[in-house]
Amino acid sequence: MNRHIDELGRIVIPKEIRKVLKINPDDLINIIVENNKIILSKKENTIVERYKEKISFLENKKTVTDFEIGQMKAYKEILMDLEMN
């Protein structure tokens, strides 16, 4: 499969590939140069990174429910346990 590079050096990953690899907007993509080739791979988040993202999302919401406050507290406790081990 061939793709053109635009003026800013961007390429589009075809929708079919994004769907199969479950690549969504704002996902991080690893870029590696190896043997004169560019290798792209989806960065998988660790469990610690996922909890940090959930906490950040809730902390940045303008309004949160009591349930979400409880979730955030639980996420922070789990995160502390994970980081201690």
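**Figure 1. Lys 22 in the loop between α1 (15-20) and β1 (29-34)****.** Lys 22 lies in the loop that runs between α1 (15-20) and β1 (29-34) of this predicted model. Its phi is near 55 degrees, a positive value in a residue other than glycine. Most residues other than glycine have a negative phi. Lys 22 is exposed, because its relative accessible area is 59% and the cut-off for exposed is over 50%.

**Figure 2. Asp 26 in the loop between α1 and β1****.** Asp 26 is placed in the loop between α1 and β1. Although Asp 26 is not a glycine, its phi is positive, at about 75 degrees. With a relative accessible area of 80%, Asp 26 is exposed. Asp 26 is also one of the residues that line the second largest pocket, shown in Figure 4.

**Figure 3. The largest pocket, with a volume of about 460 Å³****.** The lining of the largest pocket consists of 18 residues. Ile 11, Val 12, Ile 13, Pro 14 and Leu 40 are those nearest the pocket centre. Both β1 and β2 (37-42) supply at least two residues each to this lining. The largest share comes from β2, which gives four residues. By residue class, the lining of the largest pocket holds 13 nonpolar, three polar and two charged residues.

**Figure 4. The second largest pocket, with about 150 Å³ of space****.** Asp 26, Asp 27 and Leu 28 line the second largest pocket, together with Lys 42, Lys 43, Glu 44, Asn 45, Arg 50 and Glu 53. Seven residues of this lining are charged, one is polar and one is nonpolar. The nonpolar residue is Leu 28 and the polar one is Asn 45.

**Figure 5. The largest nonpolar core, made up of six residues****.** The members of the largest nonpolar core are Tyr 51, Ile 55, Leu 58, Met 72, Tyr 75 and Leu 79. Two helices, α2 (47-59) and α3 (66-84), each supply at least two residues of this core. Residues in a nonpolar core are buried, which means a relative accessible area under 20%.

**Figure 6. Contacts of Tyr 75****.** Tyr 75 belongs to the largest nonpolar core. Residues up to four places away in sequence are not counted in this view. Tyr 75 touches Tyr 51, Ile 55 and Leu 58, and these three residues are listed in the largest nonpolar core as well. Lys 54 is also touched by Tyr 75.

How values were computed:
Residues numbered from 1 in each chain as written. Predicted model: local features only at pLDDT ≥ 70, side-chain atom pairs only at ≥ 80, totals over all residues. Heavy atoms only, no water. Buried < 20%, exposed > 50% of the residue type's maximum accessible area, 1.4 Å probe, protein only. 1 Å grid on protein atoms, 1.4 Å probe; cavity = no way out; pocket = protein on both sides within 12 Å on 5 of 7 lines; lining within 4 Å. Points joined across faces, edges and corners; volume = space filled by probe spheres on them. Core = buried A, V, L, I, M, F, W, Y, C linked by side-chain atoms within 4.5 Å. Contact = heavy atoms within 4.5 Å.
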